[in-house]
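Welcome, and thank you for taking a look at this protein with us. Let us walk through it together, one part at a time.

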Amino acid sequence: PQLMSAVIQSAAGKPTDEWADEHLFSRIGVTNYNWVRYKDGTSLGGFGIETTPREMAKMAMCVANGGSYQNKQIISAQWISEMLSVQVEIPDADYLFGYYWWLDTKRNIQFTWGHGGQFAFIVPDQDLIVVMTSIPNTQGDYQIQADEALPVVDQIIEACN
């Protein structure tokens, strides 16, 4: 992810956070965020977007709707489909990996998994988005893992039925 951020920044001629704001965030109404940069000005790639659960939900809704947000195509539907397709099979893992999205094929759930326990889950069968956040100090025992978060999503799904 860090290399990808540097590539985007180089190609765009501006920091990745500014490029993302122009092409994605502002187009889906995400305004309440801070994207941390390294001292050299490169936006962090693997983590560093500080935002609210509501803003995370907007991003997940765009993905869940095939790149569309409020009836406007923001991201190519073909890219979203490819992003949510298995790109990396991890032997003996509970989850597969697309492009920066995890795939729980048993539950038919796709999710982002941010540092320490920041999650946005898409549950297509229920037309449902679930966002979970963790405390700021996400080291050691304070980290929330997917195998701890998914049972909560299961309970939410059950409550929706």
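A contact, as the word is used here, means heavy atoms within 4.5 Å. With that in hand, consider how the chain meets itself: among the contacts in the protein chain with a separation of 6 or more, 39% are made by residues 24 or more positions apart.

Before going further, a word on what you are looking at. This is a predicted model, in which local features need pLDDT of at least 70 and side-chain atom pairs count only at pLDDT 80 or more, while totals for chains, interfaces and linings use all residues. Residues are numbered from 1 along each chain as its sequence is written, and side-chain values use heavy atoms, with hydrogens and water left out.

Now for the overall form. The radius of gyration, taken over C-alpha atoms, is compared with a globule rule of 2.2 Å times the number of residues to the power 0.38. For 161 residues a compact globule would come near 15 Å, and the protein chain has 16 Å, so the two agree. Its C-alpha trace spans about 45 × 40 × 30 Å along the principal axes. A residue is called buried under 20% relative accessible area, exposed over 50%, and partly exposed in between (1.4 Å probe, protein chains only). By that rule, 33% of the 161 residues are buried.

What is the chain built from? Helices (H or I, at least four residues) and strands (E, at least two) are DSSP runs, numbered from the N terminus. The protein chain has five helices and nine strands, and along the sequence they follow the pattern α-α-β-β-α-β-β-α-β-β-β-β-β-α.

Let us begin at helix α1, which covers residues 2-12 and includes Q2. Q2 has 27% relative accessibility and therefore counts as partly exposed. Leaving aside residues up to four places away in sequence, Q2 touches Y38, T42, S43, L44, G45 and G46. The C-alpha atoms of Q2 and F47 are 8.8 Å apart, although 45 residues separate the two along the chain. One of the partners of Q2, T42, is found in the loop between β1 (33-35) and β2 (49-51). Is T42 buried or exposed? At 9% relative accessibility, T42 counts as buried. With the same sequence neighbours set aside, T42 touches Q2, S5, A6, Q9, V36 and R37.

Further along the chain we come to a sheet. Two strands pair if DSSP finds at least two bridges between them. Five strands form an open sheet in the order β5-β6-β7-β8-β9, with antiparallel pairing. At its edges stand β5 (96-97) and β9 (128-132), each with a single partner strand, so one side of each has no neighbour in the sheet.

Follow strand β8 (residues 118-123) for a closer look: this strand pairs with β7 (residues 109-114) over five antiparallel bridges. Across that pairing, T112 has A120 as its bridge partner, and W113 stands opposite F119. Three residues lie between β7 and β8 in their hairpin, where G116 takes a positive phi near 80°.

On the other side, five bridges join β8 to β9, again antiparallel, and here F119 is partnered by M132. This second hairpin has four residues between the strands, and D127 takes a positive phi near 50°. Five of the six residues of β8 are buried, so this strand is largely enclosed by the rest of the structure.
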